[in-house]
Amino acid sequence: MTTSNSFGTRARLAAAGRTLEIFRLDVLEQRGFSIGRLPYSLKILLENLLRREDGRTVRGEEIERLARWNPTKLPDEEIAFMPARVLMQDFTGVPAVVDLAAMRDAMQAMGGDPKKVNPLLPAELVIDHSVIVDEFGTPTAFQVNADLEFQRNRERYALLRWAQQTFQGFRVVPPDTGIVHQVNLEYLARVVFTTSGATPQAYPDTLVGTDSHTTMINGLGVLGWGVGGIEAEAAMLGQPVSMLIPQVVGFRLTGRLAEGATATDLVLTVTEMLRKKGVVGKFVEFYGPGIPTLPLADRATIGNMAPEYGATVGIFPVDQETLRYLEFTGRTPEQVALVGAYMKAQGLFHSPDAPEPVYSDTLSLDLSTVEPSLAGPRRPQDRVPLRAVGRTFLDALPTLVKPTSPIAPPSDVRNHWEAEGGHPFGGGTAVAAPPRPTHVDLKLDGVDCKLRHGSVVIAAITSCTNTSNPSVMIAAGLVAKKAVERGLQSQPWVKTSLAPGSKVVTDYLTQAGLMPYLERLRFHLVGYGCTTCIGNSGPLPEPVSAAVTEGELVVCAVLSGNRNFEGRIQQEVRANYLASPPLVVAYALAGRIDLDLLAEPLGTGKDGKPVYLKDIWPSAKEVDDVIRTSIKSAMFHKQYGEVFKGDERWNGLPVPRGDRF
């Protein structure tokens, strides 16, 4: 498109052996606009407007208002933001594909050429929302679940495969490949976008996605967020996203994570803090001397949970760590060089000595104060220190259990609970009621078991939030290894699963020799998709389900996901806890939530002695050593070299050959 260029910002950039047209932000500084300390995210929006100024959709006065951004002003001025691309998953993206197919039918009916109906923006769809954990804890679980997935979704997948072959500028990542946000992080994101043609342009990679956790890409310095299907479809068809110029909250990070703390603990802490702060409708931008201490994967974990802390985005600036990650994950040397050159030319490259931006409001966190934590039992912002999980579950139990449950709550809450209503326990002369049972008996694989309030029945290593982060995945594998070597095993009533967001994860777990130990604890691969995190946890084993029903039990799920609302994870599970992958393994070993993992044993080792979490928890050095020796850049090249190809199931789908479905 042509631009009015009324601010005179059009310029040339020589980078990576090419000459590209850009719209320089520093020209505005020369024209009297003080943009040097404008937040990173607003500079991205400002470039977007400069490049698209046409006097109609984007006018000069709108650019000037953004350039003169007032941090304290309540948002009431609209701008038209045009993302560089659109990202979709198979639940919310299918209606957009159906509409495009219908437009081709309409074009044909009107005597036109249906081949002319295509997305105007590059669009990518990753199929990840349909796999369900039907089978688990077996070597065949992945194959069985994938076969069932194709049987259930054959018609939908045929449509998407047809679209992949037919529409220009539309790409589909087939099922059983990965989770949309992790594939975006590891492969799809460009960070700097370029066009072709006689005058190629370079500009920041931006996007809207049909999934709330699109914000994961903010960790890579890419501005993007989740929108509804209609908004995404409109963007695909060339319509900008109308938005208010937002307030931007700065989150200052200092120090570094302490030994034993993980990126999951950090994001749960950040979520708790920002929910208390109140950031709905605002951008959150992370800055400060703690930024360089965080690997890219940690930043992506924090960006991922922006919906949970209420922000539109939770973004980190591009810096040297960003370039390192792009290179390591297989982006071309030319692309990495372009990202560095463009971001530095535009004043978008973060350096430790750069002046801190001005924000609407700020808060800060010393990373060294982050402690091992979970969040639950109902909301992601309800962070609980690991040492207090058991106690807080017992405190919450009266609000979770049905009054008709025949199973007694644990003794240390019963006195308080039965004393409610002005009748102190032990007072008066009433005859004591007969004791209620404390558990339900069941038999699993010939083993007698007892299920109680607080029993963990699901332990799932799942979700792009954490499986994109090698530090916590390697830690989970090391916890499994040490547990097996001590003679521990997962409790038989726990439904265990491993569902990474990328095939690279299983490559490096295998390379590190850790997959056999995870499998010994029944954390077999069940699929490459969202699974338990979105409620696709599948049924509980029949004896467990029957025991839950019989006792009206409040049983628990522990998962490395991002949401834990009651009933979301599995309809029979009322208490759900978000945790790091190594803690998911630990709770599978313990089989119950109502204990203090820092003080009570996980179980008894083969030597007859109690085994504590500290006995099997790896040090940061152990984790780093395995990461360095086991994760190779070549793994990303291998897995993403044919990411759009699919397996024999995908390629065997019967689809129409023509331009219409």
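Okay, quick definition before anything else: when I say two pieces are in contact, I mean they have heavy atoms within 4.5 Å of each other. And keep in mind that what we're looking at is a predicted model.

Let's start with helix 20, residues 542-551. Which of its residues are buried? Those are Val544, Ser545, Ala547, Val548 and Gly551. Now look down the axis of helix 20: the buried residues fall within an arc of 160 degrees, so they line one face of the helix. That fits the general picture, where an α-helix has 3.6 residues a turn, so residues three or four places apart point the same way.

What do the buried residues of helix 20 pack against? Strand 18 (440-444), strand 19 (447-451) and strand 20 (456-461). Flip to the face turned away from the buried side, and you find the exposed residues Glu542, Thr549 and Glu550. Then, just after helix 20 ends, Glu552 takes a positive phi of about 45 degrees.

Okay, over to the sheet. Here five strands form an open sheet, all paired in parallel, and the order is 6-5-4-9-10. Strand 6 (170-173) and strand 10 (223-226) sit at the edges with a single partner strand each, so one side of each has no neighbour in the sheet. Going from one strand to the next, the twist averages 20 degrees.

Zoom in on strand 10: its parallel pairing with strand 9 (residues 206-209) runs over four bridges, and Gly226 in strand 10 is the bridge partner of Gly209. Packing on this sheet is helix 8, residues 229-236, which touches strand 4 (85-89), strand 5 (123-126) and strand 9. The direction of helix 8 makes about 140 degrees with that of strand 4.

How values were computed:
Residues numbered from 1 in each chain as written. Predicted model: local features only at pLDDT ≥ 70, side-chain atom pairs only at ≥ 80, totals over all residues. Heavy atoms only, no water. Pairing = 2+ DSSP bridges. Helix = DSSP H or I, 4+ residues; strand = E, 2+ residues; numbered from the N terminus. Axes fitted to C-alpha atoms, helices over the stretch in contact; angles between N-to-C directions. Buried < 20%, exposed > 50% of the residue type's maximum accessible area, 1.4 Å probe, protein only. Arc of directions from axis to C-beta.
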